[in-house]
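User: I would like to go through the descriptive terms applied to this model and see what each one rests on. Please set the values against the definitions as we go.

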Amino acid sequence: MTPEKIIRNFPRYFNMTKSICKPSVTNGEIWRIAVPIMLGNLAQTIITFTDTAFLGHVGTIALSASMMAGLYYFVYTTLAMGFAVGIQIFVARRYGESRFDQIGVVFSHGVWFVIGLGILLFCLLFFCSGLLMPHIIESEQILPAAMEYLSVRQFGIFFVTFNFLFRSFYIGISQTRAITYSTLMMAIVNILLDYGLIFGNLGLPCMGVRGAAMASLLAEASAFSFFWIYTFITVPKNYALFHRHPLQPELLGSILKVAFPSMLQRLFSFGSWFVFFVLIEKMGETAIGVSSLVRSVYMVLIIPGFAFAATANTLTSRTIGEGKSDQVEILLWKISKNSLLSALPLVLAIAVIPLQISKIFTSDLFLAQASVPVIYVVGIATIISAVAMIFFEAVSGTGNTLAAMTLEFGVLCIYIAFTYITSKLLTIQWVWTAEWLYNLLMGTIAYVYIRKADWRRKKLL
């Protein structure tokens with residue numbers, strides 16, 4: 001071809017290149033997946049938020065006890081969460097490959113595993129909590145209230161393990177409407193029962209901290225019931241979800257190979273989050289009271305980021321399954337932009353009225369005012385995490401959950417060391433800057449991995 005023809009046809013070549021490089025996933029599709037996940041992420045957040053809002057008006061002891069016991073309980077659920085990530089990656093990959101009948105095979109292996117996992121986790125909670133909690137909580141007032149809360153909440157572990165499994169299935173097939181419905185049900189049940197059982201309203205007994213735990217347990221059970229009924233009625237038959245599938249040791253081994261690092265990673269991550277609050281509890285009742293309040297605010301702020309991160313995970317896996325690995329980085333930046341756009345309005349709104357937000361959770365003016373500087377700190381952390389979480393979850397989405405676990409473990413060691421030093425030397429708002437450090441390190445290392453590591457040829461069975 002002559003130079004003149006090349007120049008004359010350059011616009012056509014340029015447009016062809018743009019169409020090749022342009023990611024196949026649109027902003028609309030990203031939001032269609034992310035918005036229901038946001039609502040799904042509200043499930044545990046709503047429980048925490050409503051428990052905090054109601055118990056904060058009972059007193060600082062009740063507020064702190066429910067937070068410490070709730071965090072302790074949540075550490076156990078992270079193993080189910082991590083396993084669900086492995087299931088999600090396999091479901092998304094099968095979906096991308098259009099092997100729909102194999103999705104049911106993957107799901108059935110997940111069902112049998114979470115049954116055993118739920119039994120194991122309940123036994124650990126039931127038999128070990130009484131031995132561990134006195135070594136974790138120093139306050140003689142907070143400890144008995146925390147144990148009372150946990151004695152009821154621990155039974156929810158059976159429902160939580162299945163709820164994570166169903167969420168991973170629906171995220172994996174990019175049909176997340178069921179997550180929205182289950183979350184709305186949980187919210188309604190938890191709010192009504194919190195109002196009734198904590199204070200003795202609606203003709204229900206006044207149970208205080210124990211009532212908050214009972215409300216949370218029944219909310220989790222309602223979501224469990226909904227998922228089974230909805231899935232049985234609506235999921236297409238070609239997914240073979242309710243067929244009897246023989247156990248495939250090779251497949252289960254492959255799922256666990258992907259899921260186990262993710263299980264450990266979640267355990268390290270939320271275990272470190274729990275240690276973070278244990279160190280703060282040793283700073284005194286005011287510090288842990290402020291942190292109990294701010295935790296609820298922070299969990300609301302990061303809901304969009306977590307939703308877009310889950311979206312990045314499943315779309316990364318799906319895009320690789322479609323044979324479009326070269327589009328992953330472009331896709332992640334597009335998701336990051338949407339994540340930032342969704343987080344900024346929340347952060348700005350809370351930054352304008354931080355004291356009024358604090359007063360939602362407590363009638364103690366001193367505690368509300370002491371929380372304001374920490375609210376600003378978590379606002380900045382939210383902006384950083386809105387991008388950092390996208391790239392970190394994409395690492396798992398490539399199928400290399402071992403790399404994700406190793407990455408986070410190294411960062412968490414630095415995070416805990418920073419928290420320990422600041423909790424001994426500085427005030428509570430400086431302790432919370434550990435969230436800045438964590439997200440900056442996680443995001444930077446994950447970005448380098450996506451750019452430089454050889455993940456494009458990784459295969460899943």
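Analyst: What follows takes up helix packing, then burial, then helix length. The model is a predicted one, in which local features need pLDDT of at least 70 and side-chain atom pairs count only at pLDDT 80 or more, while totals for chains, interfaces and linings use all residues. Residues are numbered from 1 along each chain as its sequence is written, and side-chain values use heavy atoms, with hydrogens and water left out.

User: Why is α15 called roughly parallel to α18?

Analyst: The axes of helix α15 (residues 365–397) and helix α18 (residues 434–452) cross at roughly 25° and come within 8 Å. Axes here are lines fitted to C-alpha atoms, for helices over the stretch in contact, with angles from 0 to 180 degrees between N-to-C directions; the helices themselves are DSSP runs (H or I, at least four residues), numbered from the N terminus. Angles under 35 degrees count as roughly parallel, over 145 as roughly antiparallel, 65 to 115 as roughly perpendicular and the rest as oblique, and α15 is therefore roughly parallel to α18.

User: What makes up the contact of α15 with α18, and how do its residues divide?

Analyst: With contact meaning heavy atoms within 4.5 Å, the α15 side includes Val 377, Ile 380, Phe 391 and Phe 392, and the α18 side includes Glu 435, Trp 436, Leu 440 and Tyr 447. The contact residues divide into 16 nonpolar, three polar and one charged, where Ala, Val, Leu, Ile, Met, Phe, Trp, Tyr, Cys and Pro count as nonpolar, Asp, Glu, Lys and Arg as charged, and the others, Gly among them, as polar.

User: Why are α15 and α16 called oblique to each other?

Analyst: The axes of α15 and helix α16 (residues 401–425) come within 6 Å and cross at roughly 140°, an angle that falls in none of the other classes, and the two helices are therefore oblique. Phe 392, Val 395 and Ser 396 in α15 meet Thr 401, Ala 403, Ala 404, Leu 407 and Glu 408 in α16, and these residues divide into five nonpolar, two polar and one charged.

User: How do you know that Ser 396 is buried?

Analyst: Ser 396, which lies in helix α15, has a relative accessible area of 0%, and buried means under 20% (exposed is over 50%, partly exposed in between, with a 1.4 Å probe and protein chains only), so Ser 396 is buried. Not counting residues up to four places away in sequence, Ser 396 touches Ile 89, Gln 265, Asn 313, Thr 401 and Ala 404.

User: What makes Thr 48 buried?

Analyst: Thr 48, placed in helix α3 (residues 27–55), has a relative accessible area of 12%, so Thr 48 also meets the definition of buried. Leaving aside neighbours within four places in sequence, Thr 48 is in contact with Arg 295, Ser 296 and Met 299; the C-alpha atoms of Thr 48 and Ser 296 are separated by 6.5 Å, although the two are 248 residues apart along the chain.

User: Why is the span of α7 called close to the expected one?

Analyst: The expected span is 1.5 Å times one less than the number of residues, which for the 16 residues of helix α7 (residues 157–172) gives 22 Å, and the helix reaches 23 Å from its first C-alpha to its last. Of those 16 residues, 14 are buried, and α7 is accordingly described as mostly covered.
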